[in-house]
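Biologist: I'd like to get a feel for how this protein is put together. Could you walk me through the model?

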Amino acid sequence: MIPTRYRPDRGGKRRLSTRILANQLVILALTGLIGFVLFAFAQRAELDRSYEQRALAIAQTAAADPQIQQAMEYEGGGDVVQRVAERIRRTSEASYVVVIDLHRIRHSHPIRALIGEPVAEPVVAEDGRSHVGIDQGATGRSANGKAPLYGPSGTLVGEVSVGIPEHDVLGELWRELPTFGLYAAIATAIGGSAAYLLARRLKRTTFGLELEEIAGLLQDREAMLHGIRGGVIAFDPDGRITVVNDEARRLLGLGTALGRRLEEVLSDGRLRRALDGSLTGTDVSVLTDDHCLVVNRMPVTLHGRELGAVVTVRDRTELIGLLRELDSVRGLTDALRAQQHEFTNRMHTLAGLLDIGEHESAYEYAIETARSGQALTEAVREHIGNPLMVGLIVAKTTVAAERGVRIVLTDDSALGDDPPHLRRLLTIVGNLLDNAIDATAEAPPADGGRLIRLTVAEGEDLMLVRVADNGPGIAPGATQSIFEDGWSSRPERGTARRGLGLALVHRLVQRHGGTITVGEGPGAVFTVVLPQPDAAASPAPGDALFTTAPPTGGDC
């Protein structure tokens with residue numbers, strides 16, 4: 001699945017990867033140049049310090065020469081100082097070796113005219129310490145070192161100043177700079193290669209989309225996610241939630257779910273198994289406390305890469321309610337059709353008796369027919385006081401009779417005129433009877449015919465509903481799975497979706513603190529026990545999903 005979107009003409013704009021590469025190369029070149037310049041300055045300062053120390057070493061060597069010490073303390077300088085200083089200068093290739101007395105008078109200098117002339121700066125070695133620096137002297141800019149000069153008696157008699165010419169320092173720097181430039185070029189080339197590879201990787205990561213297209217896709221995604229009525233959840237390859245829209249939060253009751261796994265936000269159950277892909281298939285039905293949902297999960301791959309999965313969640317609560325009402329109307333229609341068929345047969349018999357002149361027999365048949373038509377209703381009324389429940393049982397009995405199944409209300413049944421769990425009882429009885437009728441009608445007839453026994457009893461503390469049939473029963477090991485959403489052993493029937501009736505009953509019973517048990521075959525026995533409320537309870541949130549309109553109930 002490849003994301004598609006209208007791509008406008010870029011009008012000569014460079015591709016994203018090209019722009020990233022160009023910007024990175026410019027940054028690398030600038031930083032390399034700046035680094036090269038800073039390194040050159042640092043190296044220049046380091047060379048200056050090195051040559052200053054070299055000049056100081058020469059000055060200290062000259063200050064330690066016995067001839068210079070003897071001449072400066074006892075002979076007042078003279079040619080000896082100039083001769084020895086010049087020898088040291090030539091040997092060390094220094095710019096100058098100047099011996100200065102405490103009166104700032106030069107006793108040696110490469111320029112002989114300056115011998116005997118005072119220097120402009122004070123004698124800094126009077127403090128008895130060595131000094132280094134850059135000197136702008138008569139011979140030009142040089143690295144300078146000054147050392148105190150002591151006589152043979154240890155008396156301070158002057159200083160020795162030595163300078164190394166600037167062009168020596170610059171020459172050394174220029175000899176080293178090509179090496180530094182080569183290192184900078186290599187670093188820039190490596191950085192450029194890394195920038196190219198990074199640009200290629202970014203291009204693959206963004207699937208070749210440009211910045212404007214990425215921004216447009218983000219706008220489209222936000223508008224789509226928060227504008228559609230269905231819930232949308234996206235997962236990364238590690239199963240973490242990366243996208244969840246407002247409708248999904250509402251339907252699933254999710255809070256702050258981004259970046260978290262499903263097991264961290266949802267308890268174990270059918271809903272979580274449908275979302276994480278444990279339940280396969282399309283249009284997986286899931287019941288929650290308030291909604292009937294349809295979940296679809298689709299893995300997302302691009303160019304063979306697993307990118308995660310997208311789950312869509314649709315709310316079918318209203319549709320399920322409409323289908324239940326439609327099924328109820330169909331059940332009522334089936335009951336009326338069955339009664340009309342029976343009534344037609346009786347009318348044919350009555351008309352035949354009248355045609356042959358058996359008026360007395362026709363009268364007796366009519367009286368007997370009227371009494372038998374009310375017998376079922378009266379038999380139910382003996383145990384059930386509420387007219388809605390009576391109508392439901394009579395209608396189901398009539399529909400079952402058309403399919404060759406007999407429903408018997410047991411003698412221990414007893415229900416008042418206004419039971420507190422009425423609407424819930426209608427749903428429970430209707431769904432359990434529908435399942436029993438379907439199972440029994442499709443099974444071979446047992447001894448005594450196809451039979452369903454119904455018990456509805458109201459006690460002081462509990463409400464009991466039991467539906468027992470002599471059909472094939474529940475398969476071994478399926479007593480728990482039959483209450484899961486979508487479980488059914490029969491195909492879809494028209495508009496009614498199979499596999500929700502027992503799930504609705506189970507969830508409804510649990511919501512109100514009751515229990516439901518089932519016995520395995522032969523013959524299935526469903527027993528529901530609901531606690532009696534202290535007072536007439538109003539329907540809890542979500543009960544509209546679980547209740548059905550009288551008189552026929554219906555399977556979802």
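Modeller: Sure; one definition to start: two strands pair if DSSP finds at least two bridges between them. Helices (H or I, at least four residues) and strands (E, at least two) are DSSP runs, numbered from the N terminus. This is a predicted model, where local features need pLDDT of at least 70, side-chain atom pairs count only at pLDDT 80 or more, and totals for chains, interfaces and linings use all residues. Residues are numbered from 1 along each chain as its sequence is written, and side-chain values use heavy atoms, leaving out hydrogens and water.

Biologist: In what order do the five strands of the open sheet run?

Modeller: The pairing in this sheet is mixed. Strand 10 and strand 13 are the edges, each pairing on one side only. The order is 10-11-12-14-13.

Biologist: Which residue in strand 12 stands opposite Thr455?

Modeller: Strand 11 and strand 12 pair in the antiparallel sense, over seven bridges. Opposite Thr455 stands Arg466.

Biologist: Which helix gives the largest nonpolar core its largest share?

Modeller: A nonpolar core is a set of buried (under 20% relative accessible area, 1.4 Å probe, protein chains only) Ala, Val, Leu, Ile, Met, Phe, Trp, Tyr and Cys residues joined through side-chain atoms within 4.5 Å. The largest one here has 40 residues, with Ile384, Met389, Ile428 and Phe526 making the most contacts inside it. Ten residues, the largest share, come from helix 12.

Note on methods. Buried means under 20% relative accessible area, exposed over 50%, partly exposed in between (1.4 Å probe, protein chains only).
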